[in-house]
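Visitor: Show me the complex, and let me ask how each label is earned.

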There are 2 protein chains.
Amino acid sequence: MKQQRDTKQRRLVLDIVCAHSDHPSADQIYLDVRMADKKISRGTVYRNLKVLVRQGQILHVRLPTTDRYESRTDMHYHLLCVDCGAICDIPLLYNEKLDKQASLKTGYIIKRHRTIFEGVCPSCSTMKEQ
Amino acid sequence: MKQQRDTKQRRLVLDIVCAHSDHPSADQIYLDVRMADKKISRGTVYRNLKVLVRQGQILHVRLPTTDRYESRTDMHYHLLCVDCGAICDIPLLYNEKLDKQASLKTGYIIKRHRTIFEGVCPSCSTMKEQ
DNA sequence: ATGGGTGCAAAGTGTTTGCAAGTAT
DNA sequence: ATACTTGCAAACACTTTGCACCCAT
């Protein structure tokens with residue numbers, strides 16, 4: 001891995017991700033970062049998100065329309081409200097045994113799995129009843 | 001759900017998806033469909049894939065760069081080779097209990113979950129050894 | 001005849017990249 | 001001094017859409 005430098009842009013991107021608890025998208029991060037520094041470009045935000053993910057400083061969550069980021073870095077699962085698009089962490093343990101089983105059954109070297117639950121959040125479901 | 005018609009384009013898209021066992025992308029499907037009918041447009045393929053997914057006739061698999069489709073319609077998990085991009089079904093049972101647990105812990109109405117395993121396939125891993 | 005479907009091309013999204021200038025080491 | 005980073009804008013990849021015409025029902 002090539003040597004990384006400590007730039008104010010990179011620090012700012014990391015800070016913003018850490019300041020969020022709602023799994024912001026690259027663009028939301030960009031907008032926030034812009035409030036602190038009017039000169040930062042989208043490209044820089046995207047590049048730094050990639051570097052931070054590779055370094056393991058932030059986590060990358062793949063979602064339908066846009067990828068999201070978060071500062072919690074232990075493996076865990078996510079829950080998406082298919083109505084309002086809200087996303088949250090889900091209090092279930094990462095199942096490492098699954099990776100072993102999958103490896104045995106397929107012959108692949110399994111690194112991990114990603115699980116996204118899809119459902120309707122409480123506030124969206126009460127809204128529907130009315 | 002609005003009334004659907006039976007067009008030769010829609011039938012063709014479904015046939016092509018069924019003829020594949022390798023989780024083709026919309027573009028791969030488009031190219032195949034074009035071999036049978038030179039006039040079909042990308043828009044039509046995308047629109048029909050959407051209709052077929054909504055009707056439950058095909059399954060939609062969300063992957064990093066492009067979405068994929070397959071004719072097997074029961075809930076199951078997928079395995080992606082992060083080196084060559086190949087994707088395959090994985091012989092593990094869909095865990096319905098997880099949805100119940102997630103629902104109890106979060107208060108969401110959980111409809112389903114999607115799990116993607118990430119690893120390196122046998123042929124990519126032997127290639128690396130050399 | 002009616003309203004869903006099609007082809008086309010243009011417009012969207014979200015993300016990446018080439019380049020010249022800037023800056024951390 | 002070196003080579004990683006940046007801002008900018010252009011380019012990308014994938015998907016959606018408006019529109020006028022077409023066709024299954």
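Guide: Keep in mind that this is a predicted model. Start on helix H3 of chain B, at its open side: B:Arg47 and B:Lys50 are exposed there.

Visitor: What makes those two residues count as exposed?

Guide: The cut-off is over 50% relative accessible area, computed on protein chains only. B:Arg47 and B:Lys50 fall in that class.

Visitor: Which residues of H3(B) are buried?

Guide: They are B:Thr44, B:Val45, B:Asn48, B:Leu49, B:Val51 and B:Leu52. Their arc around the axis is only 165°, which means they sit on the same side of H3(B). An α-helix has 3.6 residues a turn, so residues three or four places apart point the same way.

Visitor: What covers the buried residues of H3(B)?

Guide: The cover includes helix H1 (8-19), helix H2 (26-36) and strand S2 (68-70), which belong to chain B.

Visitor: How do you know that the span of H3(B) agrees with 1.5 Å a residue?

Guide: H3(B) runs over residues 42-54, which is 13 residues, so 18 Å is expected. The end C-alpha atoms are 18 Å apart, and the two values therefore agree.

Visitor: What follows H3(B)?

Guide: B:Gly56 does, with a positive phi near 80°.

Visitor: Now the DNA. Which residues are closest to DNA strand D?

Guide: A:Gln4, A:Arg5, A:Thr7, A:Thr44 and B:Tyr46 are the closest of the 23 residues that surround DNA strand D. Of the strand's atoms within 4 Å of the protein, sugar and phosphate make up 69%.

Visitor: What makes the pair between B:Arg5 and DNA strand D a polar contact?

Guide: The cut-off for a pair of N or O atoms is within 3.5 Å. A side-chain N or O atom of B:Arg5 is 3.1 Å from a base nitrogen of DNA strand D. The pair qualifies as a polar contact. For A:Arg10, the side chain reaches a phosphate oxygen of that strand at 2.9 Å.

Visitor: Which element gives the most to the surface near DNA strand D?

Guide: H3(B) does, with 4 residues.

Visitor: And which element has the largest share near DNA strand C?

Guide: There it is H3(A), with 4 residues.

Visitor: How do you know that A:Tyr46 makes a polar contact with DNA strand C?

Guide: Use the 3.5 Å cut-off again. A polar side-chain atom of A:Tyr46 is 2.6 Å from a phosphate oxygen of DNA strand C. B:Thr44 also passes, with a side-chain N or O atom 2.5 Å from a phosphate oxygen.

Visitor: How do the residues near DNA strand C divide by class?

Guide: There are 3 nonpolar, 10 polar and 10 charged residues.

Definitions and conventions
Residues are numbered from 1 along each chain as its sequence is written. Chains are lettered from A and ligands numbered from 1 in the order in which they are written. This is a predicted model: local features need pLDDT of at least 70, side-chain atom pairs count only at pLDDT 80 or more; totals for chains, interfaces and linings use all residues. Side-chain values use heavy atoms; hydrogens and water are left out. The expected span of a helix is 1.5 Å times one less than its number of residues. Buried means under 20% relative accessible area, exposed over 50%, partly exposed in between (1.4 Å probe, protein chains only). The arc is that of the directions from the helix axis to the C-beta atoms. Contact means heavy atoms within 4.5 Å. A residue is near a molecule or strand if one of its heavy atoms lies within 4 Å of it. A polar contact is a pair of N or O atoms within 3.5 Å; within protein, one must be able to donate a hydrogen and the other to accept it, and residues adjacent in sequence count only if both atoms are side-chain atoms. Ala, Val, Leu, Ile, Met, Phe, Trp, Tyr, Cys and Pro count as nonpolar, Asp, Glu, Lys and Arg as charged, and the others, Gly among them, as polar.
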